[in-house]
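Colleague: Could you walk me through this one? I would like to go slowly and ask as we go.

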Amino acid sequence: MQGVGFRPYICRLAVKHGLFGEVDNRTDGVSVIVQGDLKTVDRFSNDILQNAPPASQIKSIEINETKFPRYNSFRIAASRNIENQITEVSPDIAVCQECLDDMKNDPARIDYPFINCTNCGPRFSIIEALPYDRPMTSMRSFRMCEKCKREYDDILDRRFHAQPVACNSCGPSYHYKTPSLNIASFRKIIEKISAQITSGKTIAVKGLGGYFLMCDALNDDAVKKLRQKKHRDAKPFAVMFRDIAAVRKYCFPDADEEKELVSWRRPVLILRQKEVLAPSVSNGLRTTGAMLPYMPFHYLMFRSLKTPAVVLTSGNISDDPIITDDAEAENHLLPIADSLLSYNRNIINRTDDSVVRFINHKQSIIRRSRGFVPRPVDLKLFSEGILALGAEQKNSFCLGKGFQAIMSQYIGDLKTPATYEFFAETINRFSDLFRFTPASIACDLHPDYLSTQHAERLEKDLNIPLFRIQHHHAHIASCMAELGLDEEVIGISLDGTGFGTDGNAWGGEFMIADLKGFRRITHFENIPMPGGNKAILEPWRMAYSYLYKYFGDSFDYMSIPLFKSIRPDKLAAVRELLVKKINVPLTSGAGRLFDAVSALLGLCPVETFDSEAPMRLESAIVRKIDESYPFTSDVSISFRDTFKAIIEDLPRLKVPDIAAKFHNTVAQVILQSAIKIRTDASLTKIVLSGGVFQNKYLLEKSTDLLKRNKFMVFSNHLVPSNDGGISLGQLIIAAKKIK
Ligand code: ZN
Ligand code: ZN
Ligand code: FE
């Protein structure tokens, strides 16, 4: 991969061993030629793995003897742009320890907030075109000073060919603004920020891939104010901690999670809470989204901050994409923040912070952006020329380059006009950057998705084939693509919603699938959604709908605390919809089942953010128990007995235990259905995908049950199991169809 410092590293290593030769980037990897005695060559090749740059990824090393002209130095072969082939770009890399040390010792870079080297610094966020060379990045406008240039040209220097290389006298700089003040001295800026954070103010800060809003994570008034300003009612905020010790004070990171926290990607990790920060940060959820500093600025800031943790949330209004443009930030963020911290280098590619959760001790990506994008996913199938446009909410798209899929960063909900614009722009940006011309398109089956409509326009304009792929088949295939599975599997997709082949909303799907197609074996029972989309926003409607379907008018709804809290006229109106069957689209979505139970337990009658109800239901669990509720399965899976038992439990059992028993029930449904399918079809590989599997308790419980029953269980690790991973599934299915 270009830009992770691998070739300069090889070069320094060769020189250290006194070897001549050359290193070259090729499409199939890096080629190194060294000439010297066998022992030295051996030592050299053994050393390669020892100190490889953090962001490089060595899959294998092959050694061959070869004939070549004599070398009298070691060199890096020039980028061969013309060949049009090397298209890998590194993700952004967190500042490395050596640079942090330089920030204290290198006279030209004392406290310099844009310090970087070949092993660290901005990459994807500053690149406009390939090859990855300074003139192709937003560092173009900064002329290297003599010292920087010397280091840049010195093959033995850690900054050799570090494209964003800079120092205090030649590189980018920060500036700080309030409506009445403008400061350029970095020392004063840090003082100012520290004072502002301490006094509960909100600062808009230009980060690596966009602007962020920041305030003290221990000051509840400050956090509440930030919420109001952002029009974000209750969605948990991500928090940046000073260091790992601070994380450990407030959360319970295990060894795997700590390793990921300090990795060069520095994602936000969803961790179990130990101590509550300001209560409004997580708003009652028992998890904290934690990350560690990744820009030099973050370290410099924490040096003078009193608080060990700051809220750091995307700088946007409501559902718009994170702001990257300086003028836009001044117009939209400065008015809602108390001050604005910016710098004079442009952000080319917008990236949010990535969000990761560890499930079964393995990485499960919830939002894939900074640090992950645009690293490709290796495929078993040739996918050149396929453009897969993804779903609609949590959109990402994906393009096929040979045997690799390059997935875009998290784009967001296309229904927001600014997000749709970001989507269209990014497709063009990726096409330019990766020299991609679509030869075919893949999209969702849903006719109303804006991504589908975009696909239809491209189909017409470019006159190329379009593949429409069922949503849950794509979820299952996204996982198969990651793992290189190309065979029949049992696919279980538990999800919010997706367009089914019968026109209903699906999302509790049990299928036999391969990359060509799928058969729906069974599914969660269809339930009416009173008021259509309103039933998604107001989970109490789903609770009512389930009970009405199963028990009708004979049930005493007022015996349930939830319904006592709902206005009687609203209840009557929902009942009317159900009786007269007006605006009651059917759904088999697992998300709606979780919604209904969450509402029934009084955890979330009305949602203030996407997936709040299931998140609160999972978060309610405090101890592991093994009991579960009954259910029946025939043509479809019915939860009549489940609801009956939950209602009986309501007055006598604590909410956390009912929540756990409910989760266990869904895990049992998965196990029992899987066993049935295995008996009929003799398949043992089972793929679990769909947004519901971001639920750690559910995925761990089901995986455990399935493994104990001798299934081979697979779930997503490289791309999200939610709709953010759909495009990869669409791409691999299209690749198979084309083949
Ligand atoms: Zn560095
Ligand atoms: Zn310089
Ligand atoms: Fe989905």
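Modeller: Let us start with one pair of residues: D444 stands opposite I469 in strand β20. Please keep in mind throughout that this is a predicted model.

Colleague: Which other residue stands opposite a partner in β20?

Modeller: A442 does, and its partner there is F467. Strand β20 covers residues 466–469, and four bridges join β19 to this strand, with the two running parallel.

Colleague: What holds paired strands together in general?

Modeller: Strands of a sheet pair through backbone hydrogen bonds, and they may do so either parallel or antiparallel.

Colleague: Is β19 mostly covered or mostly open to the outside?

Modeller: Strand β19, which spans residues 440–444, is mostly covered, since five of its five residues are buried.

Colleague: Which strand besides β20 is joined to β19 by bridges?

Modeller: That is strand β16, residues 386–388, which runs parallel to β19 and is joined to it by three bridges. As one example of this pairing, I386 has S440 in β19 as its bridge partner.

Colleague: How many strands are in the whole sheet, and in what order?

Modeller: There are six strands in an open sheet, and their order is β15-β18-β17-β16-β19-β20, with mixed pairing. The edge strands are β15, at 377–378, and β20, and each of them pairs on one side only.

Colleague: Which helix makes a unit with β19 and β20, and what is its handedness?

Modeller: Helix α13, residues 450–462, makes a β-α-β unit together with β19 and β20, and this unit is right-handed.

Colleague: Changing topic, which residues coordinate the iron ion?

Modeller: The iron ion (ligand 3) is coordinated by H471 and H475, each through NE2, by D495 through OD, which is listed twice, and by D723 through OD, at 2.0 to 2.7 Å. Along the chain, the donors follow the spacing H-x3-H-x19-D-x227-D.

Colleague: Where do the two aspartates lie, and why would that pair be worth a look?

Modeller: D495 lies in strand β21, residues 489–499, while D723 lies in the loop between β29 (712–715) and α24 (726–738), so the pair ties together parts that are 228 residues apart in sequence.

Colleague: Are D495 and D723 buried or exposed?

Modeller: Both D495 and D723 are buried, which here stands for under 20% relative accessible area.

Colleague: Now for the helices: at what angle do α5 and α10 cross?

Modeller: The axes of helix α5, residues 186–198, and helix α10, residues 296–304, cross at roughly 60° and come within 9 Å. That angle makes α5 oblique to α10, and α5 passes α10 in a right-handed crossing.

Colleague: And what about α22 and α23?

Modeller: For helix α22, residues 655–681, and helix α23, residues 696–708, the axes come within 9 Å and cross at roughly 40°. That makes α22 oblique to α23, and the crossing of these two helices is right-handed.

Colleague: Last one: which strands form the open sheet of three?

Modeller: The order of that sheet is β2-β1-β3, and its pairing is mixed. Its edge strands are β2, at 29–35, and β3, at 74–76, each of which pairs on one side only, and the twist averages 15° from one strand to the next. Strand β1, residues 20–26, runs parallel to β3 and is joined to it by three bridges. Within β1 and β3, V23 stands opposite I76.

Definitions and conventions:
Residues numbered from 1 in each chain as written. Chains lettered and ligands numbered in written order. Predicted model: local features only at pLDDT ≥ 70, side-chain atom pairs only at ≥ 80, totals over all residues. Heavy atoms only, no water. Buried < 20%, exposed > 50% of the residue type's maximum accessible area, 1.4 Å probe, protein only. Pairing = 2+ DSSP bridges. Right-handed = clockwise from strand over helix to strand, strands pointing away. Donors = N, O, S within 2.8 Å, 3.2 Å for Na, K, Ca; no water. Axes fitted to C-alpha atoms, helices over the stretch in contact; angles between N-to-C directions. Parallel < 35°, antiparallel > 145°, perpendicular 65-115°, else oblique. Left-handed = near helix turned anticlockwise from the far one by under 90°.
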